[in-house]
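Got the viewer open? Here is a short tour, one selection at a time.

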Amino acid sequence: MSKILVVDDDVQLCTLLTEVLEDEGHEVNCVHCGESALTYLQSTGVDLVLLDVMLPNLDGMQVARRICQRFATPILMLTALGDETTMLDGLQAGADQFLIKPFKVEELLARISAILRRVGLERQRQCLPSSTPELESQLSRLPLTGTELDLLKYLIKHNEIVISKAELQKVVLKKELSPFDRNLDMHISNIRRKMVLAGMSKQHIKTVRGRGYSYSACVSE
C-alpha cells in the first residue's frame, strides 16, 4: 500500500481523489494549504504528493521547493494552467510530473503508477538493509532530510558497530567535531523522533556513552 498526500484547497476534488485512490489500494490523506502539507510531511512519510499549483498563501511552486529542500518525496503537480512557463517553473521547483485539470482518472492513475514504480526502484538502490522487509519498508518511508538519511544509512551499514561522533561528523557531516557542536546530536534526535512518530522504536539507534552511536535492527523496549 502506497501513502499519498493530496494538497488541494478544492475539498470536493480531494474527496473524489480519496475515493478513487483508496479504491486502487492506496492510503490517502488530504490537506488544503501549503503550510499544512509541510507540517504533515515533517512527521509522516509519504510515497507521493499530489500538489495543486493554485493554493492560498504558499502557492504550489513554493511548497514544491520547500519539499525538495527537505525531503526526497516525488511530486505530481495538478494545475489548471497548461502553459509552457507554468510547467517549466514547476519542473524547476521540483515537480516530477504535471497533470492539467480537468484530467481523466485513467491518466492520473497511470502517472501515479509510473512515479511509484520509479520510487520503488530508487529505494532498492538506496538499500537500507535490515533484518526484515517490514523494518526496511518502515525505514524507507521515514520523512528524513538528506543529512538524516545519510546518517541513518551509514549507521545501518555498520550494523551493531559503535561509530564515534567524530567519525560521523567527519564522514557524513563533512566537518571536524568541536566540543560545543550539537549539530550531530540534533540530527540523531530528529531521526529518533521520526521513528517514534512512525510507530518504530527509537532504540534502533543506541547512544553508547563516551563512544558514539550504533544501529541495531533488533531491539527490545
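Start by selecting His32 along with Asp8, Asp9, Val11, Cys14, Leu55 and Pro56: His32 touches each of these, leaving aside residues up to four places away in sequence. Keep in mind as you click around that this is a predicted model. His32 itself sits in the loop between E2 and helix H2 (34-43). Now measure from His32 to Leu55, C-alpha to C-alpha: you should get 7.8 Å, for two residues that are 23 apart along the chain. Is His32 buried, exposed or partly exposed? Switch on a surface and check: the relative accessible area is 35%, and buried would need under 20% while exposed would need over 50%, so His32 counts as partly exposed.

Next stop, the empty space. The structure holds 1 cavity of 30 Å³ or more, and the volume of the largest cavity is about 30 Å³. To find the spot, select Lys3, Ile4, Glu27, Asn29, Tyr40, Thr44, Gly45 and Val46, which line that cavity. Colour by secondary structure and look for strand E1 (3-7) and strand E2 (27-31), the elements that give two or more residues to the lining. Colour by residue class instead and the lining splits into 3 nonpolar, 3 polar and 2 charged residues.

Now for some helix packing. Select helix H3 (residues 60-70) and helix H4 (residues 84-93): their axes come within 8 Å and cross at roughly 25°. An angle under 35 degrees counts as roughly parallel, so that label fits H3 and H4. Show side chains for Met61, Ala64, Arg65 and Cys68 on H3, then for Thr86, Asp89, Gly90 and Ala93 on H4; these residues make the contact. By class, the H3 and H4 contact has 4 nonpolar, 2 polar and 2 charged residues.

Last stop: helix H7 (residues 146-157) and helix H9 (residues 183-197). How are H7 and H9 oriented to each other? Their axes lie 10 Å apart and the packing angle is about 85°, which makes H7 roughly perpendicular to H9. Which residues of H7 and H9 meet? From H7, pick Thr147, Glu148, Leu151, Leu152 and Leu155; from H9, pick Leu184, His187, Ile188, Asn190, Ile191, Lys194 and Met195. Colour this contact by class and you will find 7 nonpolar, 3 polar and 2 charged residues.

Definitions and conventions:
Residues numbered from 1 in each chain as written. Predicted model: local features only at pLDDT ≥ 70, side-chain atom pairs only at ≥ 80, totals over all residues. Heavy atoms only, no water. Axes fitted to C-alpha atoms, helices over the stretch in contact; angles between N-to-C directions. Helix = DSSP H or I, 4+ residues; strand = E, 2+ residues; numbered from the N terminus. Parallel < 35°, antiparallel > 145°, perpendicular 65-115°, else oblique. Contact = heavy atoms within 4.5 Å. Nonpolar A, V, L, I, M, F, W, Y, C, P; charged D, E, K, R; others polar. 1 Å grid on protein atoms, 1.4 Å probe; cavity = no way out; pocket = protein on both sides within 12 Å on 5 of 7 lines; lining within 4 Å. Points joined across faces, edges and corners; volume = space filled by probe spheres on them. Buried < 20%, exposed > 50% of the residue type's maximum accessible area, 1.4 Å probe, protein only.
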